[in-house]
Every structure is written in structure tokens, then in C-alpha cells.
Amino acid sequence: MSPAILFLLALGLALAGWLAARARAWSFRTAEPGVRMAARPTYHAWYVALWIALPMLLFGVLWTILAPNLVNQAVLASPEAASLPAFGFQRDTILSEARNVASGASSAVFNPKAQALVEPFREAMTRYAWIGIAVSLVLAFLGGAWSFLKLKPDFRARTRVERIVMAILLLASLIAVLTTIGIVVSLVFETIRFFGMVNPLDFLFGLHWGPDPMSSAENPDSSRYGAVPLFWGTIFIGAIIAMIVAIPLGLMSAIYLTQYAAPSMRRWVKPALEILAGVPTVVYGYFAALTIAPSIRDIALFFGASNPSSESALAAGLVMGVMIIPFVSSMADDSIAAVPSAMRDGSLAMGATKSETIRKVLVPAALPGIVAGVMLAVSRAIGETMIVVMAASTAANLSANPLEAMTTVTVQIVAMLTGEGSFDHPATLSAFALGFVLFLVTLALNFIALRVVKRFREAYD
Amino acid sequence: MTVIHDNLEATEAKMRARDVNVYYGDKQAIDSVSIDIPQKYVTAFIGPSGCGKSTFLRSLNRMNDTIASARVEGTIELDGEDIYKSGMDVVQLRARVGMVFQKPNPFPKSIYDNIAYGPKIHGFAEDKDDLDAIVERSLVRAGLWNEVKDRLADSGTALSGGQQQRLCIARAIAVDPEVILMDEPCSALDPIATAKIEELIDDLAGRYAIVIVTHSMQQAARVSQRTAFFHLGKVVEYGRTSDIFTNPLEERTKDYITGRYG
């Protein structure tokens with residue numbers, strides 16, 4: 001039973017139910033002319049159609065999750081499965097080989113033991129497929145019959161339909177929220193496992209970062225998991241260098257666009273700036289690694305630096321700052337434009353010049369919005385990976401010299417997870433702890449930014 | 001075209017408008033207006049909505065400059081100097097011709113900083129004591145000092161509507177203007193706050209030339225000595241307030257003040 005067939009079946013049955021229910025609702029009118037219907041026939045139709053389709057689809061989702069397990073259990077219970085090796089990994093390989101052949105995903109098996117299991121698999125799959133179809137048909141029938149019998153002239157089908165639609169919408173929003181919670185929970189679990197192996201204090205305050213995936217997992221050296229150099233690299237690149245670029249440029253471009261630019265100018269500069277926000281960060285990464293980083297090295301050489309690195313925090317930070325400009329500028333733009341023009345007029349009418357008005361009235365009044373924009377930009381910058389991966393190396397380095405190679409939290413997460421390491425090893429698990437810290441920090445920044453924006457909205461509405 | 005009463009005593013004109021036309025794009029909002037704004041009097045502009053009285057008021061301190069499509073023709077003089085001549089310093093002009101708006105618009109700063117804003121940008125105060133004195137004097141003149149003297153650091157936006165408007169008047173006074181333009185200053189206020197503002201206008205009248213745009217004919221009658229009736233972008237009639245309200249020469253003026261339209 002493929003999900004597509006079930007889906008089409010549900011649609012077909014729902015359509016049939018829809019037509020039948022509408023005919024039935026119309027018949028109330030022909031049977032008793034002048035009867036006052038509580039809802040239009042279409043609502044009766046939708047009511048029945050939803051009652052047919054929804055149970056079927058919900059069951060279908062449930063069944064596609066449950067059926068493979070049921071199939072596996074059935075196969076393992078069969079006499080052919082008795083000869084399977086007890087060791088989990090080999091056993092799983094054989095089982096999945098047999099399953100793939102049975103479902104037609106692959107044509108032949110390597111392991112002769114799997115061959116014997118193909119037939120039981122095929123059998124169990126067919127059986128459970130038929131059970132699935134049968135149950136969903138029964139559900140559709142029950143739902144359809146139950147709802148169809150409720151149709152009466154005074155049945156308030158519209159309110160019911162609207163309630164069902166509302167429930168569907170609620171479900172949709174819950175899925176997004178639940179996914180987020182699920183992600184956080186899984187992150188927390190792995191983080192707790194990590195802190196079971198490495199002392200949290202060493203992690204949060206240690207100054208040396210050098211996890212060795214090849215070392216023994218049983219007795220990890222806590223002193224190699226000091227994340228401070230990573231936090232420092234993240235802050236230095238994302239929150240300091242990038243912001244030194246992004247805040248003044250973003251703010252000035254917002255002031256120019258809202259206060260000085262002619263409408264025709266604004267019409268094309270603003271979208272052009274917003275396009276910057278849509279450039280994939282990998283492209284910025286190329287730019288940073290291939291153009292900016294080498295020229296920074298050359299400039300450093302020119303000024304007599306000895307042996308400057310070709311990967312530098314400065315290159316990554318500069319390019320990241322450029323990437324962030326549209327965030328700062330569009331938030332600042334919005335909040336400056338939201339300052340009531342009465343403020344501007346009030347200031348101008350006192351004989352203030354345009355620039356005095358901007359500096360002393362507009363920007364201070366728009367400050368909460370600007371601050372919020374900067375915070376969102378910072379949280380975006382410290383979560384950024386690609387630019388730093390490409391331009392700032394993976395060497396953890398606790399230094400205030402922007403010309404040195406540095407690494408950030410996100411880069412180390414990538415480095416730890418893409419290695420050969422197993423998921424039992426603290427070096428791999430450290431990625432989750434780093435991710436968790438990053439998550440908390442960006443969450444806090446976004447939270448503060450939203451609060452600030454909210455207060456700012458209340459001030460003028 | 002404009003009927004100007006001939007019983008006006010010869011006063012010194014602080015501002016003098018001659019054949020002023022104002023356009024918004026292609027639309028003409030003001031049609032050859034020529035009137036004098038006398039020194040030390042309160043002049044009221046009355047007329048139905050959209051008659052151009054606010055537009056004309058805003059052209060007296062060139063606030064129309066902030067509207068890109070607005071264009072002004074004719075001459076407006078302040079003490080004999082054309083304010084639309086090229087090379088006119090708009091910043092200086094607006095320091096001399098202050099303005100109070102329809103909706104109170106205090107800056108989202110402290111009460112003190114609201115008042116100190118103008119003196120600071122114009123460099124009136126030599127030191128902190130000077131500035132304190134200006135702030136106090138302005139608030140006293142605006143009749144707000146006793147209400148706010150203990151909370152000068154509070155935000156200006158936290159005051160009540162009437163207090164905010166008096167704060168805006170105090171702010172305008174603080175730069176020591178010669179003319180104060182008021183664009184329906186009471187339309188957003190309750191009757192008690194309105195009465196306070198009217199009282200304040202009376203107090204200020206001897207010191208500044210005041211021009212007030214108002215929708216309320218009672219208000220015009222209460223606070224002003226001169227009234228100009230605007231209709232469809234023209235000044236229909238201009239004279240002593242008492243004459244305009246009791247003895248209008250023009251049929252349209254009579255219709256308006258007796259409430260037949262507007």
C-alpha cells in the first residue's frame with residue numbers, strides 16, 4: 001500500500017461523500033420547500049467529505065510509521081529468521097538487504113542468508129498493506145456514515161466545518177512548534193551525555209581547544225575541551241569585526257535612504273540592498289577566501305607583518321559585516337520611517353537643520369528599533385558558518401590580533417561532526433554542547449530584540 | 001478681491017504676504033492671498049476644511065519646503081525681508097517664526113531636554129545655568145512650570161495631552177521667536193486643556209505676533225483681535241475679529257459664521 005494510492009483513495013471517497021452529502025442536503029429543500037437550513041448544502045458536503053478523508057489520512061500517517069516495525073517483527077518471528085546472527089549490526093544489514101529486495105528497491109542480495117528472508121518479508125509487507133487498506137476503508141466508511149446520518153435541515157454544518165478547519169490550522173502550527181521543541185530536546189540529551197564525560201566547567205572556562213577524536217573515549221582529557229577560544233573567535237568575528245562594519249554602514253545607508261534619497265533613487269537602491277541579504281552565504285565565503293583574505297595578507301606584508309596568515313579573522317569578519325548590512329539597514333530604515341513625521345516637523349520648525357533633526361530627534365527616537373535590528377544581526381552573524389569555514393580556518397586561537405587565523409563555534413560544530421568519530425566519543429558530542437550554547441545565546445538575543453521592538457511599537461501607536 | 005475692512009488702525013505689519021499662490025503639484029491650494037500679520041496681535045485664520053488656511057500658515061515659516069511637491073509663488077516678508085528670496089537661511093527664519101502643531105508632538109526626551117533642544121542647537125546658552133534659566137523661563141511663560149518643576153527629567157510624552165501642547169508652546173518660546181504660528185493647537189484637547197491654552201495665548205499676545213488656525217469660531221472670537229476668513233484657497237474677508245463676527249461685509253463670511261456651511 002503506497003501512501004500515494006491511499007491518498008488518492010481518500011480524495012476519491014471524500015469526493016463521493018461530498019457529492020452525496022450535497023445531494024442529501026438539497027433534498028431537504030425539495031422535500032420540504034421553504035425549510036430554513038442552518039447551513040448551506042456545500043457545508044454539509046464539506047462536513048461529510050472531511051469526516052471521510054481525515055480519519056483515513058491520519059490513519060495512513062500512523063500506519064506508514066507503524067507498519068515497518070510490524071513487518072520486522074513478523075519476519076523475525078518466522079522460522080527462516082532463526083539462523084540470523086545475534087550481533088545487532090550484521091543482523092540489521094541482512095534484514096535491510098532482504099527488505100530492499102522485497103520492496104523492489106534493489107534487485108539482488110549479497111548475503112545468501114538475506115535471500116531466505118526475502119519471501120517472508122514480501123509476505124508480511126503484502127499482509128500489512130492489505131490490513132492498512134482495509135482499516136482505512138473501514139474508518140472512511142464509519143466516518144462517512146456517522147457524519148452522513150447527522151445531516152438534517154437544522155444541522156449546523158458550517159460551525160462544525162469551521163471548527164474542523166481551525167483544528168487543522170492549529171495542528172499545522174503545532175507541528176512547527178513541536179519540531180522546534182524536539183530539536184532542542186535532542187540537543188539537550190546529547191549535551192548531557194557530553195557533560196557526563198567532560199566537566200562543564202572545563203568546557204565553559206577552559207582556554208585550550210583541541211579535541212582528539214582518536215583518543216580513548218572512556219577517559220577523555222577534559223583540558224582539551226576548553227571552548228573559550230571558540231566563544232572568543234565567534235564574538236570577535238561575528239559581534240565585533242562584523243558589527244564595526246555593519247552598524248555604521250547600515251545606519252548611514254538607512255539615514256540616506258529615508259531622509260536624503262530622492263524617491264526614484266530609493267526605489268532601486270533599497271531593493272538592491274535587500275538582494276544582498278538573499279545572496280547565499282557560500283558566495284560570500286568564496287569572496288572572503290579568494291579575494292579579501294589574500295589581499296589582507298598582502299597589505300599586512302606591505303606594512304611589515306612577519307608571516308601573516310592567509311586565513312584571518314579580519315577577512316571573515318569584514319565579509320560577514322557586509323553580509324549583515326541589509327539586516328541593520330532595513331530594520332533601521334523601518335524604525336526611522338516609523339518615527340512620526342510630527343517629530344521631524346517639530347524639530348525643523350524650531351530651526352533645526354536636517355542633520356541636527358536626524359542626529360538629535362530621529363535616530364534617538366528610532367533607537368530601540370535600531371538596537372533590535374543590530375541584535376538580530378548579531379545573532380545571525382554568530383550563527384553564520386560558511387564564511388568562517390572558508391575564510392577563517394579551523395585552528396582555535398585565543399588572540400586579539402585580527403590578522404591571525406581563528407575559528408568559531410559553528411565551524412567547530414561542522415569539524416566535529418564531519419570527521420570519522422563515532423557518536424560515543426566526546427569529541428563528536430562536543431558539537432552538540434557547542435550547538436546548545438549557541439542556541440541559548442541566539443535565543444536570548446532574539447528574545448531581547450523582540451522585547452525591545454515591542455516596547456518601541458507601543459511608544460507610538 | 002479680498003475684502004479688507006477699512007477701520008483697521010494703522011499697526012506695524014510683522015509679516016506681509018502679497019499675491020501668494022501655493023501649489024501642490026498641479027493643484028492650486030492658495031490663490032493670490034495678500035494680507036498683513038500685525039505685530040503683537042493674535043490673528044485667527046478661520047474657514048471650512050480644505051480651504052487652505054493651514055497651507056498658508058505653513059508657508060509663513062517655509063514648513064511647506066518639507067513637502068516635495070509644494071511650490072510657493074509671490075512674496076512673504078518678515079520685517080520687510082522676503083523669506084522666499086534665494087539665499088534665505090531657512091534655519092534662521094524658523095528660529096524667528098516658531099510653530100505649534102495640531103497634535104502635540106513632544107520629542108521622546110525628558111521635559112527638560114524638550115525645552116533645551118532649541119536653545120542648544122542655536123547656541124543661546126553659554127553654560128548649564130544659562131540653559132536652566134531659559135528652560136525655567138519658557139515653562140513659566142507657558143504656564144507649565146508649577147506642574148512639571150519637580151519632574152523635569154520625566155519623558156515629555158508622559159504628560160497629558162494639554163500639558164504636552166503647552167510643553168510644545170514652551171519649546172517654541174524657548175528659542176525666543178518673534179512670530180508664533182499655531183495650527184489648530186486645541187483640536188486634540190479636551191475643553192479644560194483648551195481653556196488653559198487660550199488663556200496662555202492671551203498672555204503671550206502682547207509679546208509675540210501670533211497666528212492661529214482654528215476650526216472653532218468661538219475660539220477665534222475669544223482669543224484673536226484680527227480674523228481672516230479663508231474659502232477655497234482665497235481670503236474672502238479680513239478685519240477686526242469683532243467686526244467679522246458681528247458685522248461681516250461678505251455674504252460667504254456671514255453664511256460660514258452663522259453655520260450655514262463649513
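**Notebook: a strand in chain B and a ring cluster in chain A**

In this predicted model, I began at a single cross-strand contact in chain B, where V100(B) stands opposite M182(B), a residue of strand β9(B). I then looked up the strands on that side and found that β8 (residues 97–100) of chain B pairs with β9(B) in the parallel sense, over four bridges.

Next I asked myself which strand is joined to β9(B) by five bridges. I found strand β10 (residues 209–213) of chain B, and the two run parallel; within this pairing, L181(B) stands opposite V211(B) in β10(B). I also followed the chain from one strand to the other, and noted that β9(B), helix α7 (residues 191–205) of chain B and β10(B) make a right-handed β-α-β unit.

Is β9(B) enclosed or open, I wondered, and I checked its residues in turn. Five of the five residues of the strand, 179–183, are buried, so β9(B) is largely enclosed by the rest of the structure. I noted the two faces separately: V179(B), L181(B) and D183(B) are buried on one side, while I180(B) and M182(B) are buried on the other.

While still in chain B, I looked for charges over rings, and I wrote down two cases. The charged end of R71(B) sits over the ring of Y23(B), 4.4 Å from its centre, and R171(B) lies over the face of F107(B), at 4.3 Å from the ring centre.

I then turned to chain A, and checked the confidence before reading any details. The average pLDDT of chain A is 85, and 96% of its residues score at least 70. Confidence in this chain is lowest in helix α3 (residues 88–103), with a mean of 76, and highest in helix α5 (residues 157–197), at 91.

For the aromatic rings, I noted a count of 18 pairs over all chains. One of them is formed by F194(A) and Y225(A), which meet edge-to-face at 5.8 Å centre to centre, with 70° between the planes. This pair links distant parts of the chain, since F194(A) is in helix α5 and Y225(A) is in the loop between α6 (200–205) and α7 (228–260), 31 residues apart. I looked up the relative accessible area of each, and both are buried, F194(A) at 0% and Y225(A) at 2%.

Y225(A) has a further partner: the ring centres of W209(A) and Y225(A) are 6.2 Å apart and their planes are at 90°, so this pair is edge-to-face. Both residues lie in the loop between α6 and α7 of chain A, so the pair ties together parts that are 16 residues apart in sequence. My last entry is that ring pairs link F194(A), F195(A), F203(A), W209(A), Y225(A) and F231(A) into a cluster.

Conventions:
Residues are numbered from 1 along each chain as its sequence is written. Chains are lettered from A and ligands numbered from 1 in the order in which they are written. This is a predicted model: local features need pLDDT of at least 70, side-chain atom pairs count only at pLDDT 80 or more; totals for chains, interfaces and linings use all residues. Side-chain values use heavy atoms; hydrogens and water are left out. pLDDT is the predictor's confidence in each residue, from 0 to 100. Rings of Phe, Tyr and Trp (its six-membered ring) pair if their centres lie within 6.5 Å; planes under 30 degrees apart count as stacked, over 60 as edge-to-face and the rest as tilted. Buried means under 20% relative accessible area, exposed over 50%, partly exposed in between (1.4 Å probe, protein chains only). A charge sits over a ring if NZ of Lys or CZ of Arg is within 6 Å of the ring centre and within 35 degrees of the ring normal. Two strands pair if DSSP finds at least two bridges between them. A crossover is right-handed if, with the strands pointing away from the viewer, the path from the first strand over the helix to the second runs clockwise.
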